[in-house]
Amino acid sequence: MEHLVQLTDVRKEYGDTTALAGVTLDIRQGEAVAVMGPSGSGKSTLLNMVAGLDRPTSGTIVFQGEDLSTLSETALAKFRRRRIGMVFQFFNLLDDLPALENVILVAQLIGTPRKQAQARAMELFEELGIADRRNAYPAVLSGGERQRVGVARALMNRPSLLLADEPTGALDSRSGEQVMDLLQDLNQIGQTLLMVTHDEKLASRCADRVIEFADGRVTEAVR
Amino acid sequence: MKATWRAARAAVRRRRLQTLIIGVVVMVSTATIVLALGLLATVDGPYDKAFARLQGAHLNVSYDGDKVSADRLSATAHLPGVTASAGPFASVVVQDANVVGLRPGPITVVGRADQNGPVDRLVLAEGRWLTGPGEIVIRKDPHIHCRGSAACENVGKRIAIPGHSPLTIVGVVRSITQTADGWVTPAQAQALNPHSFQMLYRFADSSTGVSAVTADLPPGAVAGSQSYRIARLDATEGAKAAIPFLLTFGVLGLVAAVLIIGNVVSGAVVSGYRHIGVLKALGFTPAQVTGVYVVMIAVPGVIGCSFGVVIGNLLARFITSSMDEALDIPTATGVALWVDVVALAGVGALVAVTSLVPAVRAGRLSAAQAVSAGAAPRRGRALRVQRLLARTSLPRPVSLGLGLPFARPGRTALTLAAVAFGVAAVTFASGLVWSLNAFMAGQDRGDVAAISVDTAMSARIPPGMEGGPKPGPALSPAQAEARLRALPGTEQVTPAAVQPVHVIGINDATDMKAYPDGFARHGYDLARGRWLQNPAEIVVTGPFMKSSGMRLGDTVTVEFEGRRTALRIVGQAVGRDQIITDWATMSAIMPGLQPTYFEMALKKGVSLDAYVHSLHGALGESLAISMQNNGGIDVVLGLMMTLTLGLMVVSALGVFNTVVLNTRDRTRDFGILKSLGTTPRQVMAVVLTSMVALGLAGGLIGVAIGVVAHHVVMPKAAATGGITLPSAYLQVYGPLSLVLLASAGVVIGTLGALIPAGWASRLRTATALRSE
């Protein structure tokens with residue numbers, strides 16, 4: 001399988017605190033990787049580095065042959081728009097926009113005409129079973145619904161890599177199950193997936209590979 | 001209490017920027033308020049203060065020396081109601097003093113030993129007081145601007161007195177009640193063969209009339225009298241016309257300051273809801289929470305207010321001293337204590353109330369509610385607007401930015417009001433300046449009469465003073481005109497004649513003017529009626545209308561040296577002259593009328609100083625030159641521009657504060673947008689668009705308020721000064737100026753938003769996403 005992301009000796013320090021202490025990791029196209037570890041072990045920092053939300057103190061992150069450290073802030077923003085989809089633990093939806101508009105927004109950022117974006121968003125809402133909630137505001141949606149809107153938004157621009165940060169962490173067990181099914185289905189149709197989770201069930205069910213993290217390092221890789 | 005204080009101190013330290021903004025907004029607002037209130041007090045105040053300090057004369061009575069003796073007059077000092085008096089001083093009218101720096105015409109010279117004394121203390125402006133005979137001290141005339149370098153230096157010059165030895169000018173003084181034009185020693189006065197006595201009175205009741213001291217005197221004993229009110233009016237007239245404008249302006253400024261302080265302070269409390277929740281979770285009582293927030297605001301509020309009072313006083317001191325100079329009031333004054341007290345107490349109370357209301361509300365919030373205020377999803381607002389904007393073809397950052405103000409309608413309304421009032425103030429002030437400039441240009445008749453010279457001052461003898469010698473002018477009118485035309489820098493010379501006449505029903509002499517070239521208009525703007533078309537018609541100015549109580553179409557009877565004529569008022573012009581008629585009509589009562597008054601237009605780029613200097617060279621050293629003195633108005637205009645600037649700064653700070661608060665509120669949203677691929681520039685566009693939209697809306701509203709206020713206030717204000725403004729003076733807003741004024745709102749919005757927008761664009765996404 002082709003390499004999608006390659007991290008080589010990536011370090012991240014915040015003052016005296018070391019969040020990542022030299023991480024080397026490959027993620028291949030179509031693979032589903034779960035990163036597990038205790039709180040503060042550097043999992044989310046790793047995800048932020050891959051998403052280009054933060055820059056490493058040293059080391060390189062190469063995404064489809066492109067070294068992210070060479071990109072400007074604007075180029076990183078454009079990189080995220082087209083190649084990354086992110087699903088957050090606390091959904092991070094824009095409260096002032098209805099569900100459908102939250103999703104359409106990301107397509108508009110890459111210049112997709114509104115009609116086309118709306119059709120694509122509706123398609124995703126149908127697939128995710130939230131079509132009837134498209135005009136609702138995030139404040140009135142259940143946690144599971146909000147997370148499905150988040151997933152729809154992440155998939156809107158057909159990203160190369162879907163990043164999920166504790167995607168079931170804020171959900172009840174039933175909603176969590178639904179999201180797990182969703183991620184599993186996505187991976188089965190070829191979506192590359194990198195998720196950070198405490199949830200062993202999610203990791204074992206959805207991931208091809210589980211990486212154990214502690215103190216900013218990879219301690220064990222389980223296939 | 002200790003816990004409350006500690007929590008408040010920590011909050012102040014944690015919110016350094018917000019604390020700074022509150023402090024600066026309160027400071028600038030307070031300074032603006034002090035300046036506005038101080039000005040209102042000053043325009044009416046310094047004359048009265050100087051009058052009290054210098055023991056100004058409530059009444060200055062001139063007695064005929066042939067009808068009443070000095071002893072008899074001395075006795076009037078002991079009449080009931082008289083609290084102080086000076087005199088009798090021997091008084092003489094010198095017909096041809098011809099002193100540069102004094103109004104043309106005869107001057108009143110009084111014999112007085114003491115510069116101070118019980119009434120009308122004289123303040124030395126130049127030179128020294130009298131030491132013996134042969135010397136004279138003259139009065140500084142606020143209406144004459146003498147700029148002719150050495151030619152204006154009067155001290156050391158000699159005044160020729162027909163039939164007597166010349167007098168040497170040894171000093172120039174200011175008299176608060178303008179009781180004479182010159183002073184000599186009593187012995188010198190006697191040598192000038194005086195026919196009159198001057199008595200100066202101060203009364204327990206300042207409104208006491210002349211009859212209180214003259215009732216028992218023989219008939220005809222009183223040659224003339226002048227109340228201090230005339231001098232007072234004269235001293236404050238220029239700035240007084242601006243009072244109604246300033247009042248409106250002051251009110252506008254106060255409202256803007258109140259709104260902005262309210263916005264800034266309540267915003268600070270509302271943005272701290274989560275902090276409030278944490279305090280309550282720790283066991284703070286509602287009263288303690290309220291206390292924390294009030295103290296948190298009070299610290300920068302009190303500091304800002306105190307600095308504002310100091311700055312306001314410094315500015316006011318500078319401006320009032322300039323105004324005193326312009327109005328020729330002897331000593332400068334600053335801001336009255338009550339202004340400081342009102343500003344300090346008023347702004348303090350305002351800060352307290354605006355912080356107390358939301359703080360009390362915050363204190364009542366349940367801890368869970370408050371804690372979740374920052375984290376829980378907000379209900380979307382103005383949903384239809386958001387949806388509509390999303391569907392437009394505008395770039396998404398722009399439509400997102402346009403939607404932001406609708407999410408916080410309360411804060412948006414306050415910000416909108418702050419911007420609108422800022423722009424309204426700028427619009428109103430600009431219109432005022434333009435209208436006043438148009439009015440002043442109208443008074444000056446454009447450049448037609450930049451400088452006027454009267455070559456026949458000795459001919460201008462007020463009624464009742466006719467017995468003295470009447471030496472002719474040094475040059476014939478034709479010679480004077482030829483020399484003026486030959487002067488380098490002269491663009492145009494307009495000859496005219498100006499003579500004081502007596503209008504039946506009006507006590508004071510009134511100047512009548514005519515031009516030898518028939519019915520030409522000579523640049524006069526008409527406020528009402530029409531220009532001269534037929535003989536026996538006159539055009540008058542507003543102040544004449546007001547003082548005479550005449551109306552358009554009325555007929556007045558004018559008398560000159562026993563000859564009378566009836567003239568009909570056909571128009572009201574803008575200008576400083578009183579009555580204008582045609583040459584034939586004026587000649588009818590003044591046979592042999594000569595054009596001895598010349599109005600000069602100067603070539604472009606010619607310096608007034610240089611021209612005046614050359615005038616003296618051409619026509620002689622002792623020459624009366626009139627230039628318009630708009631000092632008082634200029635100072636008022638300058639002050640208004642200062643106030644406008646203050647308001648704009650406060651408005652911009654208010655907007656800045658709103659954007660800072662909104663940016664903080666939206667940190668997470670901006671983080672989300674960045675995580676989705678929004679570039680820093682697009683985030684900046686979102687923030688800037690939101691404020692530019694508000695600025696534009698505020699600008700449009702502000703321009704409308706400003707224009708309406710200008711159109712309503714300007715004519716009323718002018719009317720209080722007896723001035724009717726031609727409607728052209730009100731049509732001062734052109735399309736370009738309106739667009740520029742409306743864009744002032746955008747400027748305020750953009751300036752206020754620029755820095756927070758930069759912060760938002762540079763937000764670290766990972767940090768922003770963690771923010772609650």
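Chain B of this predicted model contains 24 helices and 20 strands. Chain A has seven helices and ten strands. The table sets out the totals for each chain.

| Chain | Residues | Buried | Contacts (separation of 6 or more) between residues 24 or more positions apart | Accessible surface | Part of surface from carbon and sulfur atoms |
|---|---|---|---|---|---|
| A | 223 residues | 57% | 69% | about 8,900 Å² | 45% |
| B | 772 residues | 54% | 82% | about 31,000 Å² | 61% |

**Helix α21 of chain B**

Helix α21 of chain B spans residues 667–675, and nine of its nine residues are buried, so the helix is largely enclosed by the rest of the structure. The buried residues include the charged side chains B:R668, B:D669 and B:K674. B:F670, B:I672 and B:L673, which count as nonpolar, are buried as well. The remaining buried positions of α21(B) are B:T667, B:G671 and B:S675. Just after this helix comes B:G677, with a positive phi of about 110°.

**Packing of α15 and α23 in chain B**

Helix α15 (residues 409–443) and helix α23 (residues 735–762) of chain B pack with their axes 9 Å apart, at an angle of about 145°. Their crossing is right-handed. From α15(B), the contact takes in B:V419, B:V423, B:V426, B:T427, B:S430 and B:W434. On the side of α23(B), the residues met are B:S737, B:L741, B:A744, B:G745 and B:I748. By class, this contact has seven nonpolar residues and four polar ones, with no charged residue. Among the nonpolar residues are B:W434 of α15(B) and B:L741 of α23(B).

**Positive phi outside glycine**

Most residues other than glycine have a negative phi. Two residues, one in each chain, are described here against that background.

A:R158 is not a glycine, yet its phi is positive, at about 50°. This arginine sits in chain A, in the loop that runs between α5 (143–155) and β7 (161–165). Its relative accessibility is 57%, so A:R158 counts as exposed, the cut-off being over 50%.

B:H522, also not a glycine, has a positive phi of about 55°. The loop that holds B:H522 lies between β13 (510–515) and β14 (526–529) of chain B. B:H522 has a relative accessible area of 14%, and because the cut-off is under 20%, this histidine counts as buried. Of these two loop residues, then, A:R158 is exposed, whereas B:H522 is buried.

Terms used
Residues numbered from 1 in each chain as written. Chains lettered and ligands numbered in written order. Predicted model: local features only at pLDDT ≥ 70, side-chain atom pairs only at ≥ 80, totals over all residues. Heavy atoms only, no water. Buried < 20%, exposed > 50% of the residue type's maximum accessible area, 1.4 Å probe, protein only. Helix = DSSP H or I, 4+ residues; strand = E, 2+ residues; numbered from the N terminus. Axes fitted to C-alpha atoms, helices over the stretch in contact; angles between N-to-C directions. Left-handed = near helix turned anticlockwise from the far one by under 90°. Contact = heavy atoms within 4.5 Å. Areas by Shrake-Rupley, 256 points an atom, 1.4 Å probe, with all protein chains shown as cover.
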